[in-house]
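Colleague: I have this one open on my screen and would like a close look at a single part. Could you walk me through one helix and then what sits around it?

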Amino acid sequence: MASATSFYDFKPLDKLGKEVPLADYKGKVVLIVNTASKCGFTPQYAGLESLYKSIGEKHPDQFAVLGFPCNQFGAQEPGTDEEIQDFCQLNYGVSFPIMHKIDVNGDDSAPLYQWLKEEKPGLMGLKRVKWNFEKFLVGRDGKVKGRWASTTKPETLEKIILEELTQEQAPAPEG
């Protein structure tokens, strides 16, 4: 989907292979994370779930976390979509959506990730995702507000997310 100009143009697949229109998230703040079940950063699932629940209590239906499993880094996500779901729920009680497994780099990179990397390059302008659990924050306006490395713990993003949630959404242009 090279013609996509907005976060809301994408329709990634869910764990069952069904399209999820990101237009459904209009007006919400969304944290997007590429995940893996056999990584040193895998315990971040607990922090992501905690963030999802605590912010969700303060701002019901205004914040979402979307996990995108990826097996491109050290083959640390070898499972099927069903195995990944089971792992996340059994080990971390994950209740936020874990999407269909994707590639985040290279020729087969998911269109959403191509767009995210273009909108918010990493350090020194690098456009590739460096490892599992890299995080992108999309504001209520559908623009990428931040990008953080794998080493950034989800809990440390709470203040930034809450600030983004208090931003007024720009009114739709008339006409």
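Which residues of H3 are buried?

Modeller: Keep in mind that this is a predicted model. On H3, the buried residues are Leu112, Tyr113, Trp115, Leu116 and Lys117. They are covered by a set of elements that includes S1, S2, S3 and strand S4, which spans 144-148.

That ties straight into the packing. The largest nonpolar core has 25 residues, and Leu112, Tyr113 and Leu116 are among those with the most contacts inside it, along with Phe7 and Ile32. Strand S1 (29-35), strand S2 (63-69), helix H3 (111-119) and strand S3 (135-138) each put in at least two residues, and H3 gives the most, with four. Take Leu116 as an example: beyond residues up to four places away in sequence, Leu116 touches Ile32, Phe136, Val138 and Val144. Another core lies apart from this one; it has 20 residues, including Ile55, Ile84, Val94 and Trp148.

Ile55 brings us to a helix pair. Ile55 is one of the H1 residues that make the contact with H4, together with Leu51, Ser54 and Lys58. From the H4 side come Glu158, Ile161, Leu162 and Leu165. The axes of H1 and H4 (residues 158-165) come within 11 Å and cross at roughly 30°. Angles under 35 degrees count as roughly parallel, so H1 and H4 are roughly parallel to each other. Their crossing is right-handed.

Past H4, in the segment after it, you find Gln167. At 45% relative accessibility, Gln167 is partly exposed. Gln167 and Asp141 are 26 residues apart in sequence, with 9.5 Å between their C-alpha atoms.

Now go back to S1, one of the strands that supply the largest core. The loop between S1 and helix H1 (44-58) holds Cys39. UniProt lists Cys39 for "active site", in an unreviewed entry. Buried means under 20% relative accessible area, so Cys39, at 9%, counts as buried. Leaving aside its neighbours within four places in sequence, Cys39 is in contact with Gln76, Trp131 and Asn132.

In the segment before S1 sits Asp14. Asp14 has a relative accessible area of 19%, so it is buried as well. Setting aside neighbours within four places in sequence, Asp14 is in contact with Val20, Met99 and His100. Its C-alpha atom is also 7.8 Å from that of Pro97, although the two residues are 83 apart along the chain.

Two backbone spots on either side of S2 are worth a click. Most residues other than glycine have a negative phi. Asp61, in the loop between H1 and S2, has a positive phi of about 60° although it is not a glycine. With a relative accessible area of 61%, Asp61 is exposed. Ala75 is in the loop between S2 and helix H2 (81-92). Ala75 is not a glycine either, and its phi is positive at about 50°. Ala75 is partly exposed, with a relative accessible area of 49%.

Methods:
Residues are numbered from 1 along each chain as its sequence is written. This is a predicted model: local features need pLDDT of at least 70, side-chain atom pairs count only at pLDDT 80 or more; totals for chains, interfaces and linings use all residues. Side-chain values use heavy atoms; hydrogens and water are left out. A nonpolar core is a set of buried Ala, Val, Leu, Ile, Met, Phe, Trp, Tyr and Cys residues joined through side-chain atoms within 4.5 Å. Buried means under 20% relative accessible area, exposed over 50%, partly exposed in between (1.4 Å probe, protein chains only). Contact means heavy atoms within 4.5 Å. UniProt positions are given in the numbering used here, feature names are shortened, and annotations may be inferred rather than shown by experiment. Axes are lines fitted to C-alpha atoms, for helices over the stretch in contact, and angles run from 0 to 180 degrees between N-to-C directions. Angles under 35 degrees count as roughly parallel, over 145 as roughly antiparallel, 65 to 115 as roughly perpendicular and the rest as oblique. A crossing is left-handed if the near helix is turned anticlockwise from the far one by less than a right angle, and right-handed if clockwise.
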